[in-house]
Amino acid sequence: PSTGADPPVVEAVLLYTGVGAHAVGITILSPDTTAFAGDTVPLQAIALDSAQASIPGTPIAWRSLDSTRVRVPDAANGKVVGATQRGPARIVAELLTGPADTVLVIAQPIPTTLSKVSGDSQTAVPAAVLPIPLRVRVLGNDGLGVRVPVAFRALAAGASVNADTVLSDSL
């Protein structure tokens with residue numbers, strides 16, 4: 001019979017006793033990174049004991065704090081997938097005993113356009129620096145800039161470039 005009142009809530013206390021149960025911390029080894037829409041990016045973390053030694057085999061649960069930008073398809077696996085919305089997402093790696101660490105993954109669309117901005121077709125005497133920097137623009141399918149490595153190479157025999165690969169920015 002019901003008296004109309006909600007039944008009392010019974011709290012269950014769970015205690016993990018497996019590998020890494022004595023871990024006191026976790027560190028994500030992967031630096032902040034970028035994920036293109038649909039691409040998978042592997043992340044790694046280690047559990048640490050009180051002497052800061054790693055504890056191999058410790059279960060780590062992964063989750064995204066913004067799955068519209070980057071999602072975690074399998075919480076037991078450190079692989080994340082870039083989603084369709086552009087922007088930063090925090091990814092959390094957490095031990096079953098509570099300690100956690102966070103890494104930033106920036107979601108962006110796949111680059112679709114590379115266009116010259118300035119510095120094309122310049123000439124100079126050998127070993128001289130060109131007067132105008134070489135600049136290109138890299139855009140995603142949404143028409144906004146994306147951050148990707150861009151490789152430059154000299155076409156003339158004996159010519160060279162100082163930085164053959166640079167990282168574009170969102171502009």
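Colleague: Which residues is Ile91 in contact with, leaving aside its neighbours within four places in sequence?

Modeller: This is a predicted model, so read each contact as a computed one. Ile91 is in contact with Ile28, Leu43, Trp62, Arg63, Ser64, Val70, Val72, Val80, Asp101, Thr102, Val103 and Val105.

Colleague: Many of those are nonpolar. What is the general idea?

Modeller: In soluble globular proteins, nonpolar side chains tend to be buried together. Here, the largest nonpolar core has 21 residues. Leu43, Trp62 and Ile91 have the most contacts inside it.

Colleague: Which elements give two or more residues to this core?

Modeller: They are strands E1 (25–28), E4 (45–48), E5 (60–64), E8 (87–95) and E9 (100–108). The largest share comes from E8, with 4 residues.

Colleague: How do I read the sheet? What is the order of its strands?

Modeller: Go across it, strand by strand. The order is E2-E9-E8-E5, an open sheet of 4 strands with mixed pairing.

Colleague: Which are the edge strands?

Modeller: Look for strands that pair on one side only. Those are E2 (33–36) and E5. From one strand to the next, the twist averages 30°.

Colleague: Take E5 and E8. How many bridges join them, and do they run parallel or antiparallel?

Modeller: There are 5 bridges, and the two strands run antiparallel. For a landmark, find Trp62: Ala93 in E8 stands opposite.

Colleague: Now Ser64. Is it buried or exposed?

Modeller: Check the relative accessibility against the cut-off. Buried means under 20%. Ser64 is at 19%, so it counts as buried. Ser64 sits in strand E5.

Colleague: What does the side chain of Ser64 reach at 2.6 Å?

Modeller: The backbone oxygen of Val70. A polar atom of the Ser64 side chain also lies 3.5 Å from the backbone nitrogen of Ser67.

Colleague: Which residues does Ser64 touch, not counting those up to four places away in sequence?

Modeller: Val70, Arg71, Val72, Ala89, Arg90 and Ile91. Ile91 brings us back to the start: Ser64 is on its contact list too.

Colleague: For contrast, try a loop. Where is the place of Gln52?

Modeller: In the loop between E4 and E5.

Colleague: Is Gln52 buried or exposed?

Modeller: Use the other cut-off. Exposed means over 50%. Gln52 has a relative accessible area of 53%, so it is exposed.

Colleague: And how many residues apart in sequence are Gln52 and Ser160?

Modeller: They are 108 residues apart in sequence. In space, the C-alpha to C-alpha distance is 47 Å.

Methods
Residues numbered from 1 in each chain as written. Predicted model: local features only at pLDDT ≥ 70, side-chain atom pairs only at ≥ 80, totals over all residues. Heavy atoms only, no water. Core = buried A, V, L, I, M, F, W, Y, C linked by side-chain atoms within 4.5 Å. Buried < 20%, exposed > 50% of the residue type's maximum accessible area, 1.4 Å probe, protein only. Contact = heavy atoms within 4.5 Å. Pairing = 2+ DSSP bridges. Axes fitted to C-alpha atoms, helices over the stretch in contact; angles between N-to-C directions. Polar contact = N/O pair within 3.5 Å; in protein donor to acceptor, adjacent residues only side chain to side chain.
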